[in-house]
There are 2 protein chains.
Amino acid sequence: MPAKKIDEDYLMDRLTDVFRLHGYEGASLSRISQATGLKRASLYHRFPGGKEEMAEAVLKSADEWFTSHILAPLTGSGKPLARIQKMTKRLSNFYGAGRHSCLLDSLSIGEEDVAIRQHIEESFSAWLEALVRVALEAGLTPVMAKERAEEALIGIQGALVMARATGNTKPFLRILKNLPKLLTLDSK
Amino acid sequence: MPAKKIDEDYLMDRLTDVFRLHGYEGASLSRISQATGLKRASLYHRFPGGKEEMAEAVLKSADEWFTSHILAPLTGSGKPLARIQKMTKRLSNFYGAGRHSCLLDSLSIGEEDVAIRQHIEESFSAWLEALVRVALEAGLTPVMAKERAEEALIGIQGALVMARATGNTKPFLRILKNLPKLLTLDSK
DNA sequence: GTCTATAGCTTGATAGAC
DNA sequence: GTCTATCAAGCTATAGAC
């Protein structure tokens, strides 16, 4: 009997886990093979471009999920404050309440591949722009909106680094809780 | 003529660069050899425990430098505000005005070695405690001091991640500039 | 203390059977 | 679409000369 095709969603999830946890260089084909249940040759059948193509596919799928599930609510209808609160809830879920690393962070360490570097930069910028937009809608000045959006992103990334380094996820949850205020009020 | 001994300070600096830039798995002996000018066998003469010992030595030397040059001014004499300002200046220099990654961040990705994980956690905690102490001296309540210290650390780490991912170091410099206020004022 | 040379294992990648 | 078998190149680590 022929071996069943491994579901693509499942495959991408496991692939994402490995890159998120180990970074590009640490994501060896052995680890990927073990995590996905696919042997090396099967991985190359799915991704002829090898590891580099896998990393780009992971970035692309994460991008799509993030855009539709996290950023979409930001540009939807309703009050800016309510939209931001919705985002923070989904963000908490996305990052496992602070227990998961950010893929963009993990993949940006020691990366020499230009395409991947650029993809990371673009994903970061798209996220930032979405935050700026909602802050503007909330009534902040352009200068303040940009500053607060940067601060929001920095807070999230920094708190995830701290959680990974110390195991303490509370600061991450607090940062999320304060995001609505940060992105809507014009004074701290 | 016998080959001259490579200066230890120089060796540790180059070694630190490699681990900071590539993380543990990306710091191959080839890269280390090229960066330090020492061949594989010479590296094992200096570090019989191999790569793991190199990483621990790098963490130890970074710790010592950080404690004496960055954290020491925090516990010295003078007003808390002035001490914090001194720290921010040295922090900016330490991180190349935002162009360098944090060693603790780079080494915490995908690390399975317990000793290294623990070292990272302790370094993080020591840094945090120093920040809490100076915030307390500045008159903040214990609860606020801890919160602000965490926020300071998160800001620094997050801004460094952002700088690495996007190439934009301005947010990092702004975060540093706002540290004195963050750690001394009891309202934002 | 540094080097050349080498060992054995793991890596990313490919060929070809089913 | 998945697999086993295989490859060359890279990896960490060691032995021994100078």
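**View 1. A salt bridge joins the side chains of B:D105 and A:R164.** In this predicted model, the gap between the two side chains is 2.4 Å, taken from N to O. There is company for this pair: 10 salt bridges are found across the interface of chain A and chain B. If you would like to find your way around, the elements that each give two or more residues to chain A's side are α1 (8-26), α6 (103-108), α7 (114-137), α8 (142-166) and α9 (170-184) of chain A.

**View 2. Chain A and chain B meet along a shared interface.** Here, 36 residues of chain A are in contact with 36 residues of chain B. How much area is buried between chain A and chain B? The value is about 3,200 Å², and carbon and sulfur atoms give 60% of it. Such an area is a common way to express interface size: it is often given as the accessible area lost when the parts come together.

**View 3. Polar contacts also link chain A and chain B.** With both residues at pLDDT 80 or more, 18 residue pairs are in polar contact between the two chains. Which element should you look for on chain A's side? The largest share of the side that touches chain B comes from α8(A), with 14 residues. Sorted by class, chain A's side has 13 nonpolar, 11 polar and 12 charged residues.

**View 4. Residues from chain A and chain B come near DNA strand C.** Now let us turn to the DNA. Around DNA strand C there are 20 residues, and those that come nearest are A:L29, A:S30, A:Y44, B:I6 and B:A41. Of the strand's atoms that come within 4 Å of the protein, 65% belong to sugar and phosphate. The class count for the surface near DNA strand C is eight nonpolar, six polar and six charged residues.

**View 5. Side chains of A:Y44, B:S42 and B:K5 approach phosphate oxygens of DNA strand C.** For A:Y44, an N or O atom of the side chain is 2.4 Å from a phosphate oxygen. The side chain of B:K5 has a polar atom 3.3 Å from a phosphate oxygen of the strand, and for B:S42 the distance from a side-chain N or O atom is 3.1 Å. Two or more residues of the surface near DNA strand C come from each of α2 (29-36), α3 (40-46) and α4 (50-75) of chain A, and from α3 (40-46) of chain B. Which element gives the most to this surface? That is α3(B), with four residues.

Definitions and conventions
Residues are numbered from 1 along each chain as its sequence is written. Chains are lettered from A and ligands numbered from 1 in the order in which they are written. This is a predicted model: local features need pLDDT of at least 70, side-chain atom pairs count only at pLDDT 80 or more; totals for chains, interfaces and linings use all residues. Side-chain values use heavy atoms; hydrogens and water are left out. Contact means heavy atoms within 4.5 Å. Buried area is the accessible area (1.4 Å probe) that two parts lose on being put together, summed over both. A salt bridge is a side-chain nitrogen of Lys or Arg within 4 Å of a carboxyl oxygen of Asp or Glu. A polar contact is a pair of N or O atoms within 3.5 Å; within protein, one must be able to donate a hydrogen and the other to accept it, and residues adjacent in sequence count only if both atoms are side-chain atoms. Ala, Val, Leu, Ile, Met, Phe, Trp, Tyr, Cys and Pro count as nonpolar, Asp, Glu, Lys and Arg as charged, and the others, Gly among them, as polar. A residue is near a molecule or strand if one of its heavy atoms lies within 4 Å of it.
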